[in-house]
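Me: Please take a close look at one residue of this model, and then work outwards from there to its surroundings. I would like one connected account.

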Amino acid sequence: MTADEAVSRLESGMTVGIGGWGSRRKPMALVRALLRSDVRDLTVVSCGGPDVGLLAAAGRIRKLVAAFTTLDSIPLEPHFRAARQRGELELMELDEAMILWGLTAAAHRLPFLPVRAGLGSDLMTAGGLRTVTSPYEDGEEFAAVPALTLDVALVHLNRADARGNAQYLGPDPYFDDLFCEAAREAYVSCERVVATAEFAPAGGPQTLLVRRHCVSGVVEAHGGAHFTSCVPDYGRDEAFQAAYAEAAADPAAWREFTGRFLSGDEGAYRAAVADFTGEAA
Amino acid sequence: MSGAGRAEVCVVACAEAWRGDGEILASPMGLVPTAGARLAKLTFSPELLLTDGEATLVADVPALGAPARVAEGWLPFRRHLALAAGGKRHVMMGASQLDRHGNQNISRIGGPERPARQLLGVRGATVNTLNHPTSYWIPRHTPRVLVERVDMVCGVGYDRAAAAGPSATRFHGIRCVVTDLAVLDFERPDRTMRVRSLHPGVTAEEVRAATGFPLDVPADVPRTRMPTAGELRLIREVIDPDGLRAREVRA
């Protein structure tokens with residue numbers, strides 16, 4: 001299916017998990033399709049990067065569940081910052097470990113999982129988190145991280161077959177399999193749709209991260225993580241990300257950036273990026 | 001070789017944080033702590049584990065900014081979190097704010113609904129501070145960073161851990177705070193911050209004036225030790241030949 005078809009399955013008000021990590025292997029083509037849709041009022045769960053920034057800039061996020069939002073090589077995500085400082089974005093802040101265990105709880109159909117992380121910090125009260133006491137002799141008390149059950153997960157991987165099996169070829173799986181397992185429906189975009197028999201020559205079975213039984217649709221999106229990294233297919237487009245961050249700092253510049261890069265379909269985006277790269281060369 | 005500059009004193013002070021840690025993961029955040037961890041591994045703490053900052057444990061010790069060549073293990077983010085919870089780690093984090101009890105903030109300045117300045121977010125500050133030794137690196141020691149009270153408790157300090165109970169204190173421990181002026185720690189009965197050593201050329205008055213709460217500077221406070229000739233050579237020729245450390249520390 002196309003990115004627009006995948007996004008047409010989403011509804012306003014949904015809880016959407018977005019895979020990747022910071023400015024790494026984000027499903028940006030799916031996010032751009034979301035920007036073209038009229039879906040809004042979302043609760044977004046993300047190891048946040050420019051996915052959060054773009055959706056926040058477009059006013060699509062009601063509530064964000066995250067441990068951070070960063071562009072990695074640029075520490076602070078400018079649109080996320082601006083939305084927070086204008087009071088537009090409700091934030092449920094959790095530790096990275098709580099995101100991991102919240103998604104795991106949802107994948108295992110458990111209401112919570114206990115973690116030591118969070119105790120004594122301001123995450124407990126701000127997030128409305130409760131504690132749970134061990135029934136064993138130790139009697140220890142832990143933070144009970146609620147299941148982060150998702151309506152939809154959006155992830156981007158290097159390769160997938162038409163049935164939804166998907167393979168990562170970079171150094172880190174991030175939490176993409178957990179996002180898919182925590183969701184009622186998951187949509188996987190990939191650099192290339194391949195025949196199932198092509199997986200094994202590309203990497204061992206442990207690279208087959210996402211399994212077809214939890215995937216509802218596959219989108220072939222060459223450059224679909226741009227401008228975040230998608231190694232080994234490509235690294236982060238630092239020049240483009242710098243231009244994005246610079247434009248975000250000024251409303252007029254952001255209107256111009258939106259007009260140039262985000263007003264057409266994915267083909268128009270790629271053509272505009274090619275022009276940008278040619279100019280920079 | 002000429003005398004050491006302030007940045008080099010700071011690199012050695014950061015390295016000292018990992019002395020005696022044995023076979024654990026050293027997780028430095030920032031250039032000077034990264035140089036310090038590498039110096040520790042090349043000298044007095046050879047068993048330390050280091051990563052490339054991504055998903056690989058590296059066996060060699062490259063220069064800052066240069067790629068590592070020898071992978072000795074795989075540590076993607078999810079395994080990194082398991083390692084943290086397992087306790088075999090000593091992190092040196094940054095801090096936008098840090099108070100006298102060691103509570104740290106990297107998330108926001110101002111309130112939760114509409115912060116005056118939204119920063120990075122809590123990241124792994126709570127899993128770190130509650131599970132394994134934590135130190136802090138403050139490249140610019142000012143009253144805006146060393147504050148009476150942090151706007152949000154991300155990294156958990158001694159008072160908050162004690163109030164949260166035995167599960168919070170069981171593995172909690174803040175080893176030291178290295179700034180551009182001094183090394184500080186919490187080695188007092190009430191677990192509040194004190195000066196362990198002043199960097200060469202820094203006065204007690206200077207540090208007090210740069211701190212947003214009353215700070216204990218013992219009358220007989222020692223000087224932070226100078227780098228040895230061997231350490232200076234490693235810093236200047238092997239670990240940081242491009243002088244990146246100067247980006248973090250004022251001359």
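Reply: The residue to begin with is Arg144(B), which sits in the loop between strand 10 and helix 5 (158–164) of chain B. This is a predicted model, and what follows should be read as a description of predicted coordinates. Arg144(B) counts as exposed because its relative accessible area is 66%, where exposed means over 50%. Leaving aside residues up to four places away in sequence, Arg144(B) touches Ser96(B), Gln97(B) and Arg117(B). Its C-alpha atom is separated by 41 Å from that of Glu72(B), the two residues being 72 apart along the chain.

Strand 10 (residues 134–138) of chain B, at one end of that loop, leads into a sheet. This sheet is open, has 6 strands in the order 1-5-10-11-12-13 (chain B), and shows mixed pairing. Its edges are formed by strand 1 (25–28) and strand 13 (194–198) of chain B, each of which pairs on one side only. From one strand to the next, the twist averages 20°.

Within the sheet, strand 10 of chain B has strand 11 (residues 174–179) of chain B as a parallel partner, joined by 4 bridges, and Tyr136(B) stands opposite Val177(B) in strand 11 of chain B. Strand 5 of chain B also runs parallel to strand 10 of chain B, here with 3 bridges, and Tyr136(B) in strand 10 of chain B is opposite Met93(B). Strand 5 of chain B is in turn joined to strand 1 of chain B by 4 bridges, again in parallel, with Leu25(B) and Arg89(B) as bridge partners.

Strand 5 of chain B is mostly covered, for 5 of its 5 residues are buried. Arg89(B), Val91(B) and Met93(B) point one way from the strand, while His90(B) and Met92(B) point the other way, and all are buried. In a regular strand, side chains alternate between the two faces of the sheet. Helix 2 (residues 31–42) of chain B lies across strand 1, strand 5 (89–93) and strand 10 of chain B, and runs at about 155° to strand 1 of chain B.

Beyond this sheet, chain B meets chain A: 40 residues of chain A are in contact with 38 residues of chain B. Between them the two chains bury about 3300 Å², of which 50% is on carbon and sulfur atoms. On the side of chain A, Arg84(A), Arg116(A) and Asp122(A) lose the most area to chain B, together 18% of what that side buries.

The largest nonpolar core has 77 residues, and those with the most contacts inside it are Ile99(A), Leu103(A), Phe175(A) and Val195(B). Helix 5 (residues 96–107) of chain A supplies the largest share of this core, 6 residues. Phe175(A) touches residues of both chains: not counting those up to four places away in sequence, its contacts are Trp21(A), Cys47(A), Glu96(A), Ile99(A), Leu100(A), Leu103(A), Arg78(B) and Leu81(B). A second, separate core of 47 residues includes Tyr187(A), Val219(A), Ala221(A) and Phe261(A).

Helix 5 of chain A also lies across strand 5 and strand 7 of chain A, running at about 150° to strand 5 of chain A. These strands belong to an open sheet of 3 strands in the order 5-7-6 (chain A), with antiparallel pairing. Strand 5 (112–115) and strand 6 (130–133) of chain A stand at the edges with a single partner strand each, so one side of each is left without a neighbour in the sheet. Neighbouring strands of this sheet are turned by 45° against each other on average, direction ignored. Strand 6 of chain A is joined to strand 7 (residues 141–146) of chain A by 4 antiparallel bridges, and Arg130(A) has Ala144(A) in strand 7 of chain A as its bridge partner.

Elsewhere in chain A, helix 3 (residues 50–57) is largely enclosed by the rest of the structure, because 7 of its 8 residues are buried. Just after helix 3 of chain A, Gly59(A) takes a positive phi of about 70°.

As for confidence, the mean pLDDT of chain A is 97, and 100% of its residues reach 70 or more. In chain A, confidence is lowest in helix 6 (residues 123–126), at a mean of 93, and highest in strand 1 (residues 15–18), at 99.

Note on methods:
Residues are numbered from 1 along each chain as its sequence is written. Chains are lettered from A and ligands numbered from 1 in the order in which they are written. This is a predicted model: local features need pLDDT of at least 70, side-chain atom pairs count only at pLDDT 80 or more; totals for chains, interfaces and linings use all residues. Side-chain values use heavy atoms; hydrogens and water are left out. pLDDT is the predictor's confidence in each residue, from 0 to 100. Helices (H or I, at least four residues) and strands (E, at least two) are DSSP runs, numbered from the N terminus. Two strands pair if DSSP finds at least two bridges between them. Axes are lines fitted to C-alpha atoms, for helices over the stretch in contact, and angles run from 0 to 180 degrees between N-to-C directions. Contact means heavy atoms within 4.5 Å. A nonpolar core is a set of buried Ala, Val, Leu, Ile, Met, Phe, Trp, Tyr and Cys residues joined through side-chain atoms within 4.5 Å. Buried means under 20% relative accessible area, exposed over 50%, partly exposed in between (1.4 Å probe, protein chains only). Buried area is the accessible area (1.4 Å probe) that two parts lose on being put together, summed over both.
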